Amino acid sequence: MKTKAPHDLDTAGTRERIVRTASRLMQRQGYEGTGIKQISREAGATLGSLYHFFPGGKQELGTAAVRLGDEEFTELLRETLDAEPEPEKALLALTASLAQGLRDSDWLDGCPVTSMVVGTATSAPGIQQAAAEAFTRWRGVVAGKLVAAGFSETDADELAHTVIATLEGAELAAQVARSGTPLEVAGRHLARLVASYR
């Protein structure tokens, strides 16, 4: 999953720089592995500015970072799925795009939400809630594509759960293997699965 490049942060406002930096760092290091001072330093913002925008501290910032990752992935999902009329081809294009995004980031930038939320469900409920909303939104985008292609709402909803869960696992496997193969294989199998419902 692609995030804004560091040079794009130069033109962003302070709050946006802080959120984008937190999102990138937490995506790569996890929520627990990312400190407020590191975020402040890499965003080029003082700690005072960070706490001005996020008086709830790291949890509030983490929630904003999850929401940013959600927005960015939702946009990528919509653009990729809308570019192909056939859902099967759209899923192949999506997994190819995700694999390319991982290659471009040297296998660092996987799901912008999962790495932030793992291990925080009880300690940071705001982050967990934002992540749950992200997954619901992503499933909705996939289901919408399938319904528009003539699938029943029930089939579309169930397939959307399978698509998002499969993408999550395949993206993680691709990162670990440093190979696009898990995503490419997942794309082919998802396309076959969707085609079997026609």
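These questions and answers cover a predicted model of one protein chain.

Q: How many helices and how many strands does the protein chain have?
A: Read along the sequence, the pattern is α-α-α-α-α-α-α-α-α. No strand interrupts that run. The count is nine helices and zero strands.

Q: What radius of gyration does the protein chain have, and what would a compact globule have?
A: The C-alpha atoms fill a box of roughly 55 × 30 × 30 Å along the principal axes. With 198 residues, a compact globule would come near 16 Å. The chain agrees with that, at 17 Å.

Q: What share of the residues of the protein chain counts as buried?
A: Buried means under 20% relative accessible area. The protein chain exposes about 9300 Å², and carbon and sulfur atoms supply 53% of that area. Of its 198 residues, the buried share is 47%.

Q: Among contacts between residues at least 6 apart in sequence, what share joins residues at least 24 apart?
A: The contacts in question lie within the protein chain. Those that join residues at least 24 apart make up 68%.

Q: Which residues form the aromatic pair between helix α4 and helix α7?
A: The structure holds two aromatic pairs. One has its ring centres 4.6 Å apart and its planes at 65°, an edge-to-face pair. One partner lies in α4 (residues 57-83) and the other in α7 (residues 125-148), so the pair ties together parts that are 65 residues apart in sequence. The partners are F73 and W138.

Q: Is W138 buried or exposed?
A: The cut-off for buried is under 20% relative accessible area. W138 has 0%. Its partner F73 is buried. W138 likewise counts as buried.

Q: Why is the pair of F135 and W138 edge-to-face?
A: Both residues lie in helix α7, three residues apart, about one turn of the helix. Their ring centres are 5.1 Å apart. Planes over 60 degrees apart count as edge-to-face. The pair qualifies because its planes stand at 65°.

Q: Which residues do ring pairs link into a cluster?
A: W138 pairs with F73. W138 also pairs with F135. The cluster is therefore F73, F135 and W138.

Q: Which residue has its charged end over the ring of Y31?
A: A charge over a ring must have its NZ or CZ atom within 6 Å of the ring centre. Here the charged end sits 4.5 Å from the centre of the Y31 ring. The residue is K58.

Q: How far apart are the end C-alpha atoms of residues 35-54?
A: UniProt lists this span as "DNA-binding region", in an unreviewed entry. The span is 75% helix and 0% strand. Its end C-alpha atoms lie 14 Å apart.

Q: Against which helices do the buried residues of α2 pack?
A: Helix α2 covers residues 36-43. Its buried residues are I36, Q38, I39, S40 and A43. They pack against α1, α3 (47-53) and α4.

Q: Which residue takes a positive phi just after α2?
A: Helix α2 spans residues 36-43. The phi just after α2 is about 65°. The residue is G44.

Q: What is the relative accessible area of G13?
A: G13 is in the segment before α1 (14-29). Its C-alpha atom is separated by 30 Å from that of A99, 86 residues apart along the chain. G13 is partly exposed, at 40%.

Note on methods:
Residues numbered from 1 in each chain as written. Predicted model: local features only at pLDDT ≥ 70, side-chain atom pairs only at ≥ 80, totals over all residues. Heavy atoms only, no water. Phe/Tyr/Trp six-rings, centres within 6.5 Å; stacked < 30°, edge-to-face > 60°. Helix = DSSP H or I, 4+ residues; strand = E, 2+ residues; numbered from the N terminus. Buried < 20%, exposed > 50% of the residue type's maximum accessible area, 1.4 Å probe, protein only. Lys NZ or Arg CZ within 6 Å of the ring centre and 35° of its normal. UniProt positions renumbered as here; feature names shortened; annotations may be inferred. Rg over C-alpha atoms; globule rule 2.2 N^0.38 Å. Contact = heavy atoms within 4.5 Å. Areas by Shrake-Rupley, 256 points an atom, 1.4 Å probe, with all protein chains shown as cover.
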